[in-house]
Amino acid sequence: SSIADLDAANPAAAEVWFNIAHAEDYTPLFEALKKRKIDVGLHFWGALPDGTWMNIAYPDSNLINHSLKFMRDTIKIAARYGFSYVNIHPGCQAKVAIDFEHESFRLLSNPVDLHTSESLFIENAIDLSEYAKALNIVFTVETVPLRVTSGWYDIQARLHPMNIYELPVESIISASEHGLWVANDFVHTSANKITDTAIDVWKYLKVTTEKLAPTTRLIHLGFLLPPYNGTDFHDMLDNPLLETDQAVPNKKQMMDLLQIFNNRDDVWIITEPKTDHVKNYFLAKAI
């Protein structure tokens with residue numbers, strides 16, 4: 001269980017994948033975390049009762065108002081337990097259904113233009129950020145991949161990318177220019193460069209990480225393997241390919257990127273493996 005993992009790793013910080021629809025299920029874990037006096041972040045996930053994914057970037061006032069309410073509730077819960085941050089994804093240019101059980105997405109509308117969506121996202125994220133600030137919670141917006149898959153951790157699923165019009169990294173850069181804090185997920189940022197060559201992905205990741213560094217408060221530490229087709233990837237840091245040029249960032253590049261944050265004591269670094277969080281935590285610490 002998560003509590004056993006905490007005992008085994010005794011980490012300086014932990015992030016909880018938090019589905020607001022089942023908030024009460026987290027109480028035992030949250031109580032255990034509160035006792036530990038470590039930095040804790042909540043990674044917001046949620047859907048409306050009809051399965052529509054929460055989204056603050058699509059012009060549907062009912063969807064936006066519900067999403068904002070649940071995001072505020074998450075910030076409130078974080079404050080109640082003395083946690084440190086709440087992280088969200090920026091949302092989509094379209095209405096999307098999410099199925100947590102089957103790990104799938106479904107488009108429910110045509111996309112609106114990027115400018116409309118990005119403006120909505122930034123305006124709403126600024127509101128949430130102000131709300132969080134008043135409760136002493138750091139609020140971050142995360143870079144997301146350009147494509148999704150059905151089966152979130154399934155390697156084969158990556159061969160069938162799907163576009164649900166999640167906001168690109170450019171929108172996160174724009175948000176950072178409006179004073180919002182950023183979560184730079186190295187895999188997600190890398191997945192914004194669709195190409196055949198690892199070197200192109202690496203150049204994009206490095207430039208973007210440097211650009212976002214001043215406003216970055218959270219790093220999701222991971223790596224992308226081919227195909228570089230916009231899809232996400234979650235794996236352990238002991239994958240032998242991490243030592244090769246297929247991985248972006250590979251181990252050496254990872255160290256180069258982390259060097260950028262060397263003099264910062266206000267950045268959380270979290271890994272998101274699909275299994276064995278404890279082992280992966282110690283591998284990350286070694287890096």
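**Exercise 1. Work out how the end-to-end reach of helix α4 compares with the expected span.**

Step 1: α4 covers residues 114-134, which is 21 residues. Helices here are DSSP runs of H or I with at least four residues, strands are E runs of at least two, and both are numbered from the N terminus.

Step 2: The expected span is 1.5 Å times one less than the number of residues. For α4 that gives 30 Å, and the helix reaches 30 Å from its first C-alpha to its last, so to speak a close match.

A word on the input: this is a predicted model, where local features need pLDDT of at least 70, side-chain atom pairs count only at pLDDT 80 or more, and totals for chains, interfaces and linings use all residues. Residues are numbered from 1 along each chain as its sequence is written, and side-chain values use heavy atoms, with hydrogens and water left out.

**Exercise 2. Find which residues of α4 are buried, and what covers them.**

Step 1: Buried means under 20% relative accessible area, exposed over 50%, and partly exposed in between (1.4 Å probe, protein chains only). The buried set of α4 includes Leu120, Phe121, Ile122 and Leu128, but also Glu118 and Asn124.

Step 2: The cover over these residues includes α3 (61-80), β6 (138-142) and α5 (169-177).

Step 3: Zoom in on Ser129, which sits in α4. Ser129 counts as buried because its relative accessibility is 6%. Beyond neighbours within four places in sequence, Ser129 is in contact (heavy atoms within 4.5 Å) with Phe139 and Leu180.

**Exercise 3. Do the same for α3.**

Step 1: α3 has 20 residues and reaches 28 Å from first C-alpha to last, close to the expected 28 Å.

Step 2: Among its buried residues are Leu63, Ile64, Met71, Asp73 and Ile77.

Step 3: Their cover includes β1 (13-19), α2 (27-36), β2 (39-45), β3 (85-88), α4 and β6.

**Exercise 4. Step back and describe the whole protein.**

Step 1: Count the elements: nine helices and nine strands.

Step 2: The radius of gyration, taken over C-alpha atoms, is 18 Å. The globule rule (2.2 Å times the number of residues to the power 0.38) gives 19 Å for 287 residues, so the protein is as compact as a globular protein of that length.

Step 3: The C-alpha trace spans about 45 × 45 × 35 Å along its principal axes, and 56% of the 287 residues count as buried.

Step 4: Of the contacts between residues at least 6 apart in sequence, 76% join residues at least 24 apart.
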